[in-house]
Amino acid sequence: MSMNNYKRTLLVWGMALLFTLPAMGQLGELRNELAVGFNAGMNMSKVDFSPRIKMKNQNGMSMGITVRYMCEKYFKMMCGIQGEINYSQRGWNELIEDGSENTYNRVMNYVEVPLLAHLAFGKDSRTKGMKFFINLGPQFAYFLSDKENMGGEWNTSMRPNGVVYQYGKAVENKFDYGIVAGGGLELSTPIGHFLVEGRYYYGLADFYNNSKKDEFGRSGHSYIGVRMTYLYDLSK
């Protein structure tokens, strides 16, 4: 299977899971629970380049609004759909090992829209108790801006692998998409729901052109995110 077909297969399976898992609950107990709120956290991001570039995590912020609709209970599994609109910082921080004191990182700003299947297990109460949850589905994003940060007496002539095309190179493809998977704990109280989540994103798109004549065959985002979310019930 080619890399492009592999990417499409991952996306199709993720979207199928998003829409089919809540539908499984049609055999279970119907729900009608709508909650809205906000989220904030941090991304620890890297970029998958080909040719490879050594790097460490680039830390950035993430914040946005969250809407969740719980529609079914299937045996002990509570099923719903969660959507978000987030401002998210990504990018990469290069590990330069050429004996110089050069440093380089790029902060890339995106607006993200995850569309997630939300599956919860635990105490079935909207006002008290703890639940474990899983989020899974596709995520779409659009590039807003970026900033390069270069340090030291800048000299690229000694790079071990000779890959320097990324310096000063503008983003060529602003639309990004991929798969998100995460899990965490939710505490329900009379004043709302408090969630702590760890999340992994794997990008299926490249932000640089990737034809045979281009410098990079792959330039895709990935990150590990940690975030907190507060949700308030609008309907019960």
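Are Arg-159 and Asp-98 buried or exposed? Hold that thought for a minute, everyone, and I'll come back to it. Thanks for coming along. One thing to keep in mind while you look at the structure above: this is a predicted model.

Let me start with the overall layout. The chain has 1 helix and 9 strands, and reading along the sequence gives α-β-β-β-β-β-β-β-β-β. There are 236 residues, and 47% of them are buried. Now for the contacts: if you take those between residues at least 6 apart in sequence, 73% join residues at least 24 apart. As for the surface, the chain exposes about 12,000 Å², with carbon and sulfur atoms supplying 62% of that area.

Right, back to my opening pair. Both Arg-159 and Asp-98 are buried. These two residues form a salt bridge, with 2.6 Å between the closest N and O atoms. The bridge links distant parts of the chain: Arg-159 sits in the loop between strand 6 and strand 7, while Asp-98 sits in the loop between strand 4 (77-94) and strand 5 (103-122), 61 residues apart.

Arg-159 has another partner too. The charged end of Arg-159 sits over the ring of Trp-154, at 5.1 Å from the ring centre. That takes us nicely to the aromatics.

How many aromatic pairs does the structure hold? The count is 18. For anyone who doesn't look at rings every day, a pair of aromatic rings is described by the distance of the centres and the angle of the planes. Let me show you two of the pairs.

Trp-154 and Tyr-167 make an edge-to-face pair, 5.1 Å centre to centre and with 80° between the planes. Both residues lie in the loop between strand 6 (129-151) and strand 7 (175-189), 13 residues apart. How do they differ in exposure? Trp-154 is partly exposed, because its relative accessible area is 30%. Tyr-167 counts as buried, because its relative accessible area is 14%, and the cut-off for buried is under 20%.

Then there is Tyr-208 with Phe-216, and this pair is stacked: the centres are 5.7 Å apart and the planes are at 20°. Tyr-208 and Phe-216 are both buried. Tyr-208 also has a charge for company, since the charged end of Lys-169 sits over its ring, 5.1 Å from the centre.

If you zoom out a little, these rings belong together. Phe-49, Trp-92, Tyr-104, Trp-154, Tyr-165, Tyr-167, Phe-207, Tyr-208 and Phe-216 form one aromatic cluster. So both of the pairs I just described are part of that one cluster.

Let's return to the charges. A search of the whole structure finds 14 salt bridges, and I'd like to show you two besides the one I opened with.

Take Asp-146 and Arg-106. Their closest N and O atoms are 3.2 Å apart. This bridge also links distant parts of the chain, with Asp-146 in strand 6 and Arg-106 in strand 5, 40 residues apart. The two ends have their own surroundings: Asp-146 is partly exposed, as its relative accessible area is 32%, whereas Arg-106 is buried at 1%.

The other one is Glu-197 with Arg-199, whose side chains meet in a salt bridge of 2.9 Å, N to O. Glu-197 is buried, with a relative accessible area of 6%, and Arg-199 is buried as well, at 3%. This bridge is part of something wider: through shared partners, salt bridges join Glu-84, Glu-197, Arg-199 and Arg-227 into one network.

I'll finish with a residue I've enjoyed clicking on, Asp-176, which is found in strand 7. Why does Asp-176 count as buried? It does so because its relative accessibility is 3%. Which side chains does the Asp-176 side chain reach? One is Arg-90, through a polar contact of 2.9 Å. Another is Tyr-201, where a polar contact of 2.4 Å joins the two side chains. Leaving aside neighbours within four places in sequence, the contacts of Asp-176 also include Tyr-110, Gln-139, Phe-140, Ala-141, Ala-205 and His-221.

That's my tour. If you open the structure yourselves, you could begin at Arg-159, with Asp-98 as its salt-bridge partner and the ring of Trp-154 under its charged end. Happy to take questions!

Key:
Residues numbered from 1 in each chain as written. Predicted model: local features only at pLDDT ≥ 70, side-chain atom pairs only at ≥ 80, totals over all residues. Heavy atoms only, no water. Phe/Tyr/Trp six-rings, centres within 6.5 Å; stacked < 30°, edge-to-face > 60°. Helix = DSSP H or I, 4+ residues; strand = E, 2+ residues; numbered from the N terminus. Buried < 20%, exposed > 50% of the residue type's maximum accessible area, 1.4 Å probe, protein only. Lys NZ or Arg CZ within 6 Å of the ring centre and 35° of its normal. Polar contact = N/O pair within 3.5 Å; in protein donor to acceptor, adjacent residues only side chain to side chain. Contact = heavy atoms within 4.5 Å. Salt bridge = Lys/Arg side-chain N within 4 Å of Asp/Glu carboxyl O. Areas by Shrake-Rupley, 256 points an atom, 1.4 Å probe, with all protein chains shown as cover.
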